[in-house]
Amino acid sequence: MLCAQLILPSAKVQAAQTIYDNEIGTQDGYSYELWKDYGETSMTLNGGGTFSCQWSNIGNALFRKGIKFDNTKTYQQIGNIAIDYGCNFQPDGNAYLCAYGWCTEPLVEYYIVESWGTWRPPGAESKGVITVDGGTYDVYETIRIDQPSIQGNTTFKQYWSVRTSPRTSGIISVTEHFKAWENMGMPMGKMYETALNVEGYQSSGWADVYENTINIGGNGNFEEIIQCENMVLAGDYTGIISSPFHGVGLYANNDACYYTQYFAYNNHNFTLRGCSNNSNMAKIDLLIGGEYKGTFYFGDEYPAEYTISNVYHGIGSQKVELKVTDDNGLWDAYVDYLIIS
């Protein structure tokens, strides 16, 4: 979803190789690492960013492929970071599939958890919920005291975004999480690493990462899809619908659905897929930060997309709301998803 200037790798793809113990190296422009404290592990490096792994009778084991930075640039200086991934993830016990990495100054270990096994990490109180890549994530901040790190045993913070519903493929807009964390008082430092990571803890399992492309750079352009049923519902009659699509029904004035979006830039296009419940014109207003920005129109019961272009709005965290304000009792509005581009 993030338009990138640099897509890794560009090197010649090497043949698969399998490692069994702690090892760090590079393959096809990607760094790789197998780290464990004890137990039985194997990691097959399949070329590019892809790999497969197995583990059993472990304490803690990590398998990852990604990009190493040099601790001299912030994520803003590096540019947008996104991971296009797909994984057959089969844990037996406690494990998670995530974007993972470190930064320094301050020293932080970070996780963007997409799926997990028997336990949803990190077992702390959420600082809040953010919406990225059409899904919602709980945000956490934890601390590790005198524990292993990229700087030896020391004390450091961990930042977490954990999806409220797991998935095993898609786009992880890593930079959007960084922005949201900083907006919540969780500063990022100089970048050391971003990788796709499979981690197991006192468990067994296996995983096949069949897609892992890390995009770095770009001009900040993006396209994000937000499912309306994942938004907050408001109004006396607003409800979830299952036909003609899985979405939200807005039946009367002041019926609405909304969520909070972080904007790094102040101008975007907004596209809404929706329809009327009959042949009469349905109207849904777009409000950002409480300000009216335009109206989406749907002329019949056939789902279609309507775009409001070049919408200027505030930056940072903004309330994005879809609301009915001109209902005359002759139509109902159905909304499916909102695209921001």
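Q: Is strand 27 (residues 333-340) buried or exposed, and how many of its residues are buried?
A: In this predicted model, strand 27 is largely enclosed by the rest of the structure, because its residues count as buried. Buried means under 20% relative accessible area, exposed over 50% and partly exposed in between, with a 1.4 Å probe and protein chains only. Strands are DSSP runs of E with at least two residues, numbered from the N terminus. The number of buried residues in strand 27 is eight of the eight.

Q: How many bridges join strand 22 to strand 27?
A: Two strands pair if DSSP finds at least two bridges between them. Strand 22 covers residues 267-276, and one of its links to strand 27 sets Arg273 opposite Tyr337. The two strands run antiparallel, and the number of bridges is seven.

Q: Which residue of strand 27 is the bridge partner of Ile226?
A: Strand 17 (residues 224-227) is antiparallel to strand 27, with four bridges between them. Strand 20 (residues 247-250) also pairs with strand 27 in the antiparallel sense, over three bridges, and there Val248 stands opposite Val335. For Ile226, the partner in strand 27 is Leu338.

Q: Which backbone oxygen does the side chain of Ser276 reach?
A: Ser276 belongs to strand 22 and counts as buried because its relative accessibility is 1%. A polar contact is a pair of N or O atoms within 3.5 Å, where one must be able to donate a hydrogen and the other to accept it; residues adjacent in sequence count only if both atoms are side-chain atoms. The Ser276 side chain has a polar atom 3.2 Å from the backbone nitrogen of Asn278. At 2.9 Å, the backbone oxygen that this side chain reaches is that of Asn280.

Q: How many residues does the largest nonpolar core have?
A: A nonpolar core is a set of buried Ala, Val, Leu, Ile, Met, Phe, Trp, Tyr and Cys residues joined through side-chain atoms within 4.5 Å. Among those with the most contacts inside the largest one are Phe63, Phe178 and Trp181. Strand 8 (residues 81-92) gives the most to this core, with five residues. The core's residue count is 47.

Q: How many residues are in the second, separate core?
A: This core includes Tyr259, Leu286, Leu338 and Ile340. Its number of residues is 26.

A note on conventions: residues are numbered from 1 along each chain as its sequence is written. Local features need pLDDT of at least 70, side-chain atom pairs count only at pLDDT 80 or more, and totals for chains, interfaces and linings use all residues, while side-chain values use heavy atoms, leaving out hydrogens and water.
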